[in-house]
Structure formats: C-alpha cells, structure tokens
Amino acid sequence: QVQLVESGGGLVQAGGSLRLSCAASGPTFSSYAMAWFRQAPGKEREFVARIYWSSGVTYYRDSVKGRFTISRDNAKNTVYLQMNSLKPEDTAVYYCAAAQRSIGRYDYWGQGTQVTVSS
C-alpha cells in the first residue's frame, strides 16, 4: 500500500516562508511525476507545481512562479515545496500527489497539510 505523508504546514505572516515535505512509502512505490495541489475554503482544488521524477523537469502555476520551488530527493522518495514570499491568497490545504504513468491521473494522494498566511 503506497502512502504519501505531508508535513511542514503552519501559520506564517505574509512575506514569510515555509517548506512542505511529502514522503512516499510502500513496497511498490514508483512515480512518473509528483505534484502539489491546494484547496482554499469554498474553492476547487488547483494545481500548484509538478516535478517529473526521473528528469527533474518542473512546472508551476503562474501565480507561484518565482516564489515556489518544487524539488525531490530520489533516495528518500520525498518531494518538497519551498514557498517564499507567501501571500494571504496562498492560504489553503496543500496536498501532494503521485502519478505512476501519466499526469492525466494521479494515483495516490496525501492527507493534506494546512498553510495559513496572515496579512
């Protein structure tokens, strides 16, 4: 059974930084790509950033470009999201997800971690 466990969320003032971690475990875990999504209260879940596991190529939603950085540690099966210059509109529950074959379908999801940015 594959599990994704996020950590690193919390409360931070606008302009501050947080680093989220997502550790993957399970005897059969392999990943084509991993991503971070977020969902704010009353809004739909939205894509934040993606990294292809073997190549390290990354993609970001426009609103976080230049502020967020996604990275991975292959040896630890862990993906990170470094978030700098945080804004109140970044407040959301952040979820990591893993796609085994295609970014059209994310097969595994974490439980989510709350990020709250105060103004």
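Leaving aside its neighbours within four places in sequence, which residues is Thr113 in contact with? I would like to start from that residue and work outwards, bearing in mind throughout that this is a predicted model. The contacts of Thr113, with those close neighbours set aside, are Glu6, Ser7, Gly8, Gly9, Leu20, Ala92, Val93 and Tyr94. Thr113 belongs to strand β11, and its side chain comes within 3.3 Å of the backbone nitrogen of Gly9, at exactly that distance. Is Thr113 buried or exposed? Its relative accessible area is 11%, and because the cut-off for buried is under 20%, Thr113 counts as buried.

Let me turn next to a second threonine. Thr91 is placed in the loop that runs between β8, residues 78-83, and β9, residues 92-99. The side chain of Thr91 has two polar partners that I can point to on the backbone: the oxygen of Pro88, which is reached at 2.9 Å, and the nitrogen of Val117, which lies 2.9 Å from a polar atom of that side chain. If residues up to four places away in sequence are not counted, Thr91 touches Ala40, Gln114, Val115, Thr116 and Val117.

The loop between β8 and β9 also holds Leu86, which is buried because its relative accessibility is 2%. Beyond the residues within four places in sequence, Leu86 is in contact with Val12, Ala14, Gly15, Gly16, Ser17, Leu18, Arg67, Phe68 and Val117. Leu86 and Gly9 are 77 residues apart along the chain, and their C-alpha atoms are separated by 12 Å.

Now to the nonpolar interior. In soluble globular proteins, nonpolar side chains tend to be buried together. Here the largest nonpolar core has 28 residues, and the ones with the most contacts inside it are Trp36, Leu81, Met83 and Tyr94. At least two residues of this core come from each of β3, β4, β5, β7, β8, β9 and β11. There is also a second, separate core of five residues, among them Ala35, Phe37, Ala99 and Tyr106. To take one member of the largest core in more detail, Met83 touches Gly16, Ser17, Leu18, Leu20, Arg67, Phe68, Tyr94 and Val115, again with residues up to four places away in sequence left out.

How are the strands arranged in the open sheet of four strands? Their order is β1-β3-β8-β7, and the pairing is antiparallel. The edges are formed by β1, residues 3-7, and by β7, each of which pairs on one side only. On average, and with direction ignored, neighbouring strands of this sheet are turned by 15° against each other. Within the sheet, β3 and β8 pair in the antiparallel sense over six bridges, and Arg19 stands opposite Gln82 in β8.

Finally, the cysteines. The count of disulfides comes to one, and this disulfide joins Cys22 to Cys96, with 1.9 Å from S to S. The link connects distant parts of the chain, since Cys22 sits in strand β3 and Cys96 in strand β9, 74 residues apart. With 50° about the S-S bond, the link of Cys22 and Cys96 is right-handed, and both Cys22 and Cys96 are buried.

Definitions and conventions: Residues are numbered from 1 along each chain as its sequence is written. This is a predicted model: local features need pLDDT of at least 70, side-chain atom pairs count only at pLDDT 80 or more; totals for chains, interfaces and linings use all residues. Side-chain values use heavy atoms; hydrogens and water are left out. A polar contact is a pair of N or O atoms within 3.5 Å; within protein, one must be able to donate a hydrogen and the other to accept it, and residues adjacent in sequence count only if both atoms are side-chain atoms. Contact means heavy atoms within 4.5 Å. A nonpolar core is a set of buried Ala, Val, Leu, Ile, Met, Phe, Trp, Tyr and Cys residues joined through side-chain atoms within 4.5 Å. Buried means under 20% relative accessible area, exposed over 50%, partly exposed in between (1.4 Å probe, protein chains only). Two strands pair if DSSP finds at least two bridges between them. Axes are lines fitted to C-alpha atoms, for helices over the stretch in contact, and angles run from 0 to 180 degrees between N-to-C directions. A disulfide is a pair of cysteine sulfur atoms within 2.5 Å.
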